[in-house]
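Okay, thanks everyone, I'll keep this short. Have a look at the structure on the screen, and I'll walk through a few spots.

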Amino acid sequence: MQVTVTKMKFNPDSDDLRVLRQSDMENEKFEEYYRKQLSIDDDDEWLRFLGSCREPLPSTFRISGTRQTAAVLTSVMEKTYIPHLSGVIFEDQPIPPPMPLQWYPKGLAWQLNVPKKALRKSPEFKKFHSFLVFETEVGNITRQEAVSMLPPLFLDVEPHHVVLDMCAAPGSKTSQLLESLHSSQSLLDSCVPPGVLIANDSDYKRAQLLIHQTARIPSPVFVVTNVDASIFPTLSLPPESTTNSSGRKVRPAPLLFDRILCDVPCSGDGTIRKNVGIWKKWNPMDGNGLHGLQLRILQRAMRMLRWGGKIVYSTCSLNPVENEAVIAEALRTVPGFELLDVSESLPSLIRRPGLTKWLPTASRDLQSYETYEHYLTSLPGGKGTARLVQSHWPPSEDLCLERCIRIYPHLQDTGGFFIAVLQHKPSTASLDRREGKRVAEEVEVTDVKKARLDGNGDVSMTSTTELPESKIEPPNLTPTETTPAVQKHTQRQRHKQTSAGDGGFKEMPYTFISPNDPTVESCMQLSLTSDFPSSNLLVRNPAGEPARSLYLTNDLVRAIVSANEYKRIRLMTAGTKIFTRQEGGSGRGGEDSTEKASRFRLLSEGLPVVLPYIKPESIVDANLSELRRLLETYYPLLSAFGEEFRYDIGSKLVGSHVVRFKAGDIDGATLTHDLVLPIWKSTSSISLMIDKKAKSALSLRVFGEDLTVAGRQAAAAKQKKSKSNEGVVQDTIVPEIETEGAESGPDQESGKEDLGLTAGGL
Ligand SMILES: C[S@@+](CC[C@H](N)C(=O)[O-])C[C@H]1O[C@@H](n2cnc3c(N)ncnc32)[C@H](O)[C@@H]1O
């Protein structure tokens with residue numbers, strides 16, 4: 001039997017040049033179903049669509065928008081790598097250089113269509129590969145599918161927004177949202193935006209993954225919860241006082257959101273280029289069962305949005321039942337919303353309009369019915385056995401569904417994707433009591449500047465309404481359910497969540513510590529200015545003591561954490577860790593009498609947040625030679641440094657300090673902008689307190705080689721290995737970096753400590 005084979009080109013998630021059978025990438029039902037649904041009438045275009053679905057996906061990555069290095073890295077891509085990687089021939093094949101994604105703002109996203117083998121073995125691409133690996137490690141570059149970058153762009157998040165990401169794990173879009181919240185950040189401004197991002201996922205393990213993934217963007221405004229998004233609890237803000245002027249009880253104000261992302265669970269057939277297994281497994285009923293959950297999640301989001309706010313609903317499914325059908329039913333059931341016309345946004349993005357007609361299928365054999373009524377009459381067991389609901393079918397009214405966005409693989413060499421942008425219409429008509437209340441709350445709740453610090457540093461929000469308690473309805477707690485079955489499901493889920501919230505939630509409590517606590521005072525040793533928000537420091541342990549780490553939040557996160565029982569909202573994290581207790585000795589110099597007063601040290605990931613509050617005169621200046629010495633040795637002696645630096649640092653107490661390495665050139669090494677990093681000073685030595693990988697990345701970028709102890713050890717080990725394997729081609733070009741700790745001294749945080757290498761650049 002003759003077998004047709006297709007040589008696949010580079011696929012980032014599997015081995016390159018895989019040989020797949022053509023028959024592995026065929027599915028008659030997929031073709032028949034989508035030929036009917038997608039309104040791709042032109043035969044040529046249909047063949048291009050199918051052809052693209054069989055092509056592997058190019059690799060894409062994003063340069064992080066908030067980091068000061070974004071401009072530097074973009075320029076390195078444009079001025080160094082593009083010219084260097086143009087015209088490369090590998091194994092007789094021309095290899096294209098990286099290309100910017102045309103539609104992504106500021107040229108910050110790139111596409112790479114290079115076989116993995118060429119990336120690792122062609123001399124030209126090897127260095128580029130190292131660059132990508134290291135910059136990814138330190139969080140300056142994020143690998144992300146091109147279409148997955150779209151929803152946050154359409155959500156248009158600004159630093160003052162109150163944002164909810166309902167189904168957030170593993171967190172690639174969450175990272176983008178966080179970057180937008182921090183977008184106005186410059187080192188002159190405070191690095192603490194007034195808004196908040198609550199990222200949620202109902203899967204506990206995935207929520208943990210989300211926390212891990214977003215650790216590269218340390219943010220005091222970041223909160224993670226672990227609840228079913230379809231019954232996301234109403235969050236409260238603390239009332240200014242619990243009674244009003246007439247002595248009646250005042251209920252806390254609900255938190256309404258400015259922006260909500262619903263990147264809902266879906267059948268995922270738009271990822272068929274990456275997940276080739278879909279060709280075999282796909283069946284037309286896949287999307288039908290998800291429609292209800294998708295709808296409930298979107299409806300819940302709509303009920304938590306403030307007037308004028310925006311929701312982006314997205315899936316990586318091509319199926320209209322999971323897309324336009326959900327949007328239509330949500331618009332029909334939750335009044336006051338419209339689909340936004342976003343045809344002018346991202347003009348270079350090639351897209352197709354949303355579908356207005358489709359035909360749901362009621363069986364694996366593609367049995368379909370023109371209307372819901374036809375379907376019901378076809379059921380031998382009667383209405384009660386129906387598995388589809390009315391909302392699987394297109395709506396009878398015009399809801400402008402063509403304003404939705406469909407992205408097909410053949411349009412610009414991406415995955416398939418669906419996006420809809422909904423807006424809560426600013427309305428003058430809704431003057432009923434509840435809406436009046438919403439407006440009152442909205443004006444006060446989202447104006448974070450109104451959060452006041454009282455004498456004790458407690459946050460209070462002027463956001464209460466003085467209605468008799470019996471008249472105040474909770475803000476739309478009950479979603480509009482479509483069927484009794486859906487209602488039952490919702491009740492079951494709520495019950496499950498409540499019981500789990502009481503019993504099975506193992507996270508530590510959150511306790512804000514007093515700004516007068518001696519620990520906070522010891523942290524102020526860094527010469528923090530008096531406007532440092534020390535009342536927003538929290539700890540996480542059963543005793544509520546500053547035992548190990550201090551996390552910083554902003555006023556709004558503090559208000560949310562204070563007003564909501566953490567188990568009820570299954571709060572997994574809030575704010576960012578900025579100080580940690582310095583365990584162990586103080587380096588070669590040993591214990592010092594002053595050390596007890598300075599036991600907490602600044603974490604590198606906390607530096608961007610704390611830097612604006614550090615008095616400039618207390619930052620120690622250093623040059624590239626000093627940086628080199630700190631990278632080459634774990635705990636260089638003070639005597640090894642230049643006189644000026646030695647004098648400056650020598651006059652400081654033992655403990656945590658901040659050093660600014662001045663931009664410049666020394667012996668062929670270049671630092672393009674000032675760089676600010678935390679150090680630990682012992683009596684006779686100092687140490688750079690950044691993660692080992694961050695050290696390697698920094699060394700590679702500034703000195704063109706990995707000068708660190710770990711890097712040198714890894715290079716030596718590699719050389720030894722390649723000698724013993726002479727003749728065998730080495731595959732790994734990035735050195736495995738071994739754990740530090742050969743010498744005694746201040747403990748470096750585990751791999752978790754970041755990496756915010758350049759975030760401290762001035
Ligand atoms: C499409 S993925 C989200 C991808 C994510 N937004 C990103 O960009 O990395 C859908 C997520 O929804 C979560 N999920 C499934 N059902 C959920 C529910 N009822 N409530 C909240 N999250 C849910 C899944 O655990 C999964 O992580």
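Let's begin with serine 39, which sits in the loop between helix H1, residues 28–37, and helix H2, residues 43–53. Bear in mind that this is a predicted model. Serine 39 has a phi near 55°, so we have a positive value in a residue that isn't glycine. It has 14 other C-beta atoms within 10 Å, and because of that count it's partly exposed.

There's another residue like that on the phi side. Lysine 106, also not a glycine, has a positive phi, near 60°. You'll find lysine 106 in the loop between strand S6, at 99–100, and strand S7, at 109–112. Is lysine 106 buried or exposed? It's exposed, because just 11 other C-beta atoms lie within 10 Å.

Since S7 has come up, let's go to its partner. Strand S3, residues 59–63, pairs with S7 in the antiparallel sense, over four bridges. One example is threonine 60 in S3, whose bridge partner in S7 is glutamine 111. S3 also runs antiparallel to strand S8, residues 141–143, and three bridges join them. There, isoleucine 63 has isoleucine 141 of S8 as its bridge partner.

How many of the five residues of S3 are buried? Five of five, so the strand is described as mostly covered. If you look at the two faces, Ser59, Phe61 and Ile63 are on one side, Thr60 and Arg62 are on the other, and all are buried.

Now for the annotated residues. The unreviewed UniProt entry lists a "binding site" with Cys167, Ala168, Ala169, Pro170, Gly171, Ser172, Lys173, Asp201, Asp228 and Asp263. Alanine 168 is in the loop between strand S9, at 162–165, and helix H7, at 172–181. Proline 170 lies in that S9 to H7 loop, and glycine 171 lies in the loop between S9 and H7 too.

Something to check on your screens here: the peptide bond joining alanine 169 and proline 170 is cis, with omega about 5°.

Why does alanine 168 count as buried? Because it has 27 C-beta neighbours inside 10 Å, and 20 is enough for that label. Glycine 171 counts as buried as well, because it has 26 of those neighbours inside 10 Å.

What do they touch, leaving out residues up to four places away in sequence? For alanine 168, the contacts are Thr174, Ala199, Asn200, Asp201 and Leu210. For glycine 171, they are Ala199, Leu210, Gln213 and Thr214. Ala199 and Leu210 turn up in both lists.

On to the ligand. There are 19 residues around it, and Cys167, Lys173, Ser202, Ala229 and Asp263 come nearest. By type, that shell divides into seven nonpolar, six polar and six charged residues.

Last stop: the "active site" annotation. In the unreviewed UniProt entry, it covers Cys316. Where is cysteine 316 in the chain? It's in the loop between strand S15, residues 305–315, and helix H11, residues 324–333. Cysteine 316 counts as buried because it has 23 C-beta neighbours inside 10 Å. Setting aside neighbours within four places in sequence, cysteine 316 is in contact with Val147, Cys266, Gly268, Gly270, Thr271, Gly415, Gly416 and Phe417.

That's my tour. Happy to go back to any of those spots.

Key. Residues numbered from 1 in each chain as written. Predicted model: local features only at pLDDT ≥ 70, side-chain atom pairs only at ≥ 80, totals over all residues. UniProt positions renumbered as here; feature names shortened; annotations may be inferred. Buried ≥ 20, exposed ≤ 12 C-beta atoms within 10 Å, placed from the backbone. Contact = placed C-beta atoms within 7 Å. Near = placed C-beta within 6 Å. Nonpolar A, V, L, I, M, F, W, Y, C, P; charged D, E, K, R; others polar. Pairing = 2+ DSSP bridges.
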